[in-house]
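This briefing covers charged pairs, a polar contact and a helix packing. Please have the coordinates open while reading.

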Amino acid sequence: MKTEERIKKLVSDNPVMLFMKGEPQTPQCGFSDRVVRILNHLEVQYSSFDVLSDEDIRQGIKIYGNWPTIPQLYIQGELFGGCDIIEEGFRSGALEKELQKVQKTN
C-alpha cells in the first residue's frame, strides 16, 4: 500500500487522528506533548500514529495535509491544524466545537 493510501486509511478510519512524535503516554517533542495534554484535558477519544516509527509516514503526512510540521490533528478526515492552531482552537472553543460534532456522529 502506498504511503498516501496508508495515511488516507488512518485518517478515514479514525474520527480523531493525531500524527505525532512518540506515543500519547510518552510524547517525544514538546509540541506533541502540548497537543496530547489538550486532547486529554478535553477527554477526547483519539487515535495516534508515531511518525518517528515510520519515515514514509513522517514525510508523507506533511505532503498529504500540505502542512510542514508535526503534530497534525485530523477531525472527521479534515486537517484541523498543528500545535499553534490546536492551542488557539482550544482557547477560543473552536476545537471543542469541532470535537463535539464527532461525538454526535459516533
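The points below are grouped by topic, beginning with the salt bridges.

The model is predicted, and local features are reported where pLDDT is at least 70. It holds six salt bridges. Three of them are described here: Asp13 with Lys9, Arg34 with Glu87, and Arg91 with Glu88.

**Salt bridge in helix 1**

- Lys9 and Asp13 join their side chains in a salt bridge, with an N to O distance of 2.6 Å.
- Both residues belong to helix 1, which spans residues 3-13, and they are four residues apart, about one turn of the helix.
- Asp13 has a relative accessible area of 47% and is partly exposed, because the partly exposed class runs from 20% to 50%.
- Lys9 is also partly exposed, with a relative accessible area of 42%.

**Salt bridge between helix 2 and helix 4**

- The side chains of Arg34 and Glu87 form a salt bridge at 2.8 Å, N to O.
- Arg34 sits in helix 2 (residues 30-41) and Glu87 in helix 4 (residues 83-92), so this salt bridge ties together parts that are 53 residues apart in sequence.
- Arg34 has a relative accessible area of 33%, so this residue is partly exposed.
- Glu87 is buried, because its relative accessible area of 16% falls under the 20% cut-off.

**Packing of helix 2 against helix 4**

- The axes of helix 2 and helix 4 are 10 Å apart, and the two helices pack at an angle of about 30°.
- Helix 2 and helix 4 are therefore roughly parallel to each other, because angles under 35 degrees fall in that class.
- The crossing of these two helices is left-handed.
- On the helix 2 side, the contact is made by Phe31, Arg34, Val35, Ile38 and His41.
- On the helix 4 side, Cys83, Asp84, Ile86, Glu87 and Phe90 make the contact.
- Both partners of the salt bridge between Arg34 and Glu87 are thus listed among the contact residues.

**Salt bridge within helix 4**

- Arg91 and Glu88 form a salt bridge in which the closest N and O atoms are 3.5 Å apart.
- These two residues of helix 4 are three residues apart, which means a separation of about one helical turn.
- Arg91 is exposed, with a relative accessible area of 60%, because the exposed class begins over 50%.
- Glu88 has 42% relative accessibility and counts as partly exposed.

**Polar contact of Asn14**

- Asn14 is located in the loop between helix 1 and strand 1, the strand covering residues 16-20.
- With a relative accessible area of 17%, Asn14 is buried.
- The side chain of Asn14 makes a polar contact of 2.8 Å with the side chain of Ser47.

**Surroundings of Arg6**

- Arg6 is part of helix 1.
- The relative accessibility of Arg6 is 26%, so Arg6 counts as partly exposed.
- Apart from neighbours within four places in sequence, Arg6 is in contact with Met1, Phe49, Asp54, Asp56 and Ile57.
- Arg6 and Lys62 are 56 residues apart in sequence, and their C-alpha atoms are 14 Å apart in space.

Notes. Residues are numbered from 1 along each chain as its sequence is written. This is a predicted model: local features need pLDDT of at least 70, side-chain atom pairs count only at pLDDT 80 or more; totals for chains, interfaces and linings use all residues. Side-chain values use heavy atoms; hydrogens and water are left out. A salt bridge is a side-chain nitrogen of Lys or Arg within 4 Å of a carboxyl oxygen of Asp or Glu. Buried means under 20% relative accessible area, exposed over 50%, partly exposed in between (1.4 Å probe, protein chains only). A polar contact is a pair of N or O atoms within 3.5 Å; within protein, one must be able to donate a hydrogen and the other to accept it, and residues adjacent in sequence count only if both atoms are side-chain atoms. Axes are lines fitted to C-alpha atoms, for helices over the stretch in contact, and angles run from 0 to 180 degrees between N-to-C directions. Angles under 35 degrees count as roughly parallel, over 145 as roughly antiparallel, 65 to 115 as roughly perpendicular and the rest as oblique. A crossing is left-handed if the near helix is turned anticlockwise from the far one by less than a right angle, and right-handed if clockwise. Contact means heavy atoms within 4.5 Å.
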